[in-house]
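Here are a few exercises to work through with the structure open in your viewer. Try each task before you read its solution.

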Amino acid sequence: MTLPTLLLRPGEADRVLAGHPWIYKGSALRLTAPAADGALVQVKDHRQRLLGVGFYNSRSKIAVRLLAPERVEVNEAFFEERLRAALAHRQRHLPHATSFRVVNAEGDFLSGLVVDKYENALVIQTSALGMDQRKGMILAALQRLLAPTLVAERNELASRKFEGLPDANGLLAGSGDGAVAARLNGLQFATNVLTGQKTGLYLDQQTNYARVAAFVPLLPGAQVLDCFSYLGGFALHAAHAGAAHVHGVDQSAEAVAAAGANAAANGLAERCSFEAANVFDWLKAHTAAPAHEKVLPRFDLIILDPPSFTRTRASVPDALRGYKEIHLRALKLLKAGGILATFCCSHHVDAATFQDVILAAAFDARRVLRRIATFSQSPDHPILPSVPETEYLKGYAFEWAR
Ligand code: SAH
């Protein structure tokens, strides 16, 4: 059976050949035969050279999401093979992890599909129509490979609207209320795959939890502040590594309660406290000093892991002001020789811009910083440099050197 062909305009083929799987509507010249939304089509350049096959959607700005550079049949066996390759990557780079992202969309050559694993439970997200239509096949392949006891879908994604898809949230297999307990680096995190943030946890920080916790033994008697603590990811790792005390701050009262329960479940309750507050307000209140008095630095390790302050390029300047403010105040609370570990998950703020903001804050706080680490997303969120959208999480650790 020959597939309908989408022909590209001249000059549009190179980024596809370099590995980018998105064919924008504006790059298309024409379809040679009618194609249903969600159907498999082939894409050729204006010289009729085959560039690959992928899912078509007339309603999306992304007309085709390529799946393979050659003609393939997209069936259960196809998904099984892609899943096996994704699992092999995790096995190689996160060999001890039992909870991790199994598939991260473009980074695993499956644009529009995310699969997270929390021990024996799986959560899937389908952000593209063609993928959503094949949820049954994907589920069957996942069941064969991983034999999950529970599979949930968390499809309340803004991007689904652009594909003409409604929200959906619920169990696809198994039963229960969605409560799961995931193990990360030997610590237990209870969360809920139906109601938690993202799909339950911020799995992209898994390797960074361990790396940041490794600073704790360098800071004897460490007092730690975890800002935007959610379920206590950084906080519990720091306490487990021997911190004298860790204080977590998050605006979600539910997250704060859950973080406290997680601390208790890991036997770390005595050295952890969590507080529901807006971090901006909290930092302001704790850096307010009477005139002519200095703010007393109190923390040996401060972690800043805010949500993305910007979803669009247009609001980047506002976001940068927000990043600068929290860094300025955090630096005032950091003891000499202390360590600041800070993250930015906005795709629109690149690593260099992020560092510039931190340096501007350090300048205002009259601190000279020494950079001791750079961070990225965990390897279960693979980065393809030819697909810039796959890279979003960056971070640094700085010491107050002078
Ligand atoms: N560090 C966490 C992830 C943080 S995600 C982890 O590793 O799991 C961002 C968190 O910031 C969310 O839990 C959200 O509830 C919280 N948040 C968002 N805006 C906030 C604000 N202004 N003040 C405090 N918390 C905020």
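Contact here means heavy atoms within 4.5 Å, and angles run from 0 to 180 degrees between N-to-C directions. Keep in mind that this is a predicted model.

**Exercise 1. Find which strands helix H4 lies across, and give its angle to E9.**

Start with the sheet itself: five strands form an open sheet with mixed pairing, in the order E7-E8-E9-E10-E11. Next, look at its borders. Strand E7 (99-104) and strand E11 (168-173) are the edge strands, each pairing on one side only. From one strand to the next, the twist averages 20°.

Now add the helix. H4, residues 135-146, lies across E7, strand E8 (113-118), E9, E10 and E11. Its direction runs at about 155° to E9.

**Exercise 2. In what sense do strands E9 and E10 pair, and over how many bridges?**

As background, strands of a sheet pair through backbone hydrogen bonds, either parallel or antiparallel. Pick out E9 at residues 121-126 and E10 at residues 150-155: they pair in the parallel sense, over four bridges. For one concrete partner pair, take Leu122, whose bridge partner in E10 is Val151.

**Exercise 3. Work out the strand order of the seven-stranded sheet, then place helices H7 and H9 on it.**

Step one is the order: E16-E15-E14-E17-E18-E20-E19, an open sheet with mixed pairing. Step two is the edges, which are strand E16 (272-276) and strand E19 (369-376), each paired on one side only. Ignoring direction, neighbouring strands of this sheet are turned by 15° against each other on average.

Step three zooms in on one pair. Strand E17 (residues 299-304) and strand E18 (residues 334-344) run parallel to each other and share five bridges. Leu304 stands opposite Thr342 in E18.

Step four brings in the helices. H7 (residues 233-240) lies across strand E14 (223-227), strand E15 (245-250), E16, E17 and E18, at about 160° to E16. H9 (residues 279-286) packs on the sheet too, touching E14, E15, E16 and E17, and its direction makes about 145° with that of E14.

**Exercise 4. Which residues are closest to the ligand, and how many surround it?**

Count the shell: 15 residues surround the ligand, and the closest are Tyr209, Asp250, Gln251, Val279 and Asp305. Sorted by class, that shell has nine nonpolar, four polar and two charged residues.

Then check the polar distances to N or O atoms in side chains:

- Gln197: 3.1 Å from an oxygen atom of the ligand.
- Asp250: 2.6 Å from an oxygen atom of the ligand.
- Asp305: 2.7 Å from a nitrogen atom of the ligand.

Finish with the burial: the ligand taken alone exposes 580 Å², and the protein buries 92% of that.

Notes:
Residues are numbered from 1 along each chain as its sequence is written. This is a predicted model: local features need pLDDT of at least 70, side-chain atom pairs count only at pLDDT 80 or more; totals for chains, interfaces and linings use all residues. Side-chain values use heavy atoms; hydrogens and water are left out. A residue is near a molecule or strand if one of its heavy atoms lies within 4 Å of it. A polar contact is a pair of N or O atoms within 3.5 Å; within protein, one must be able to donate a hydrogen and the other to accept it, and residues adjacent in sequence count only if both atoms are side-chain atoms. Accessible areas come from the Shrake-Rupley method with a 1.4 Å probe; for residues, only the protein chains shown count as cover. Ala, Val, Leu, Ile, Met, Phe, Trp, Tyr, Cys and Pro count as nonpolar, Asp, Glu, Lys and Arg as charged, and the others, Gly among them, as polar. Two strands pair if DSSP finds at least two bridges between them. Helices (H or I, at least four residues) and strands (E, at least two) are DSSP runs, numbered from the N terminus.
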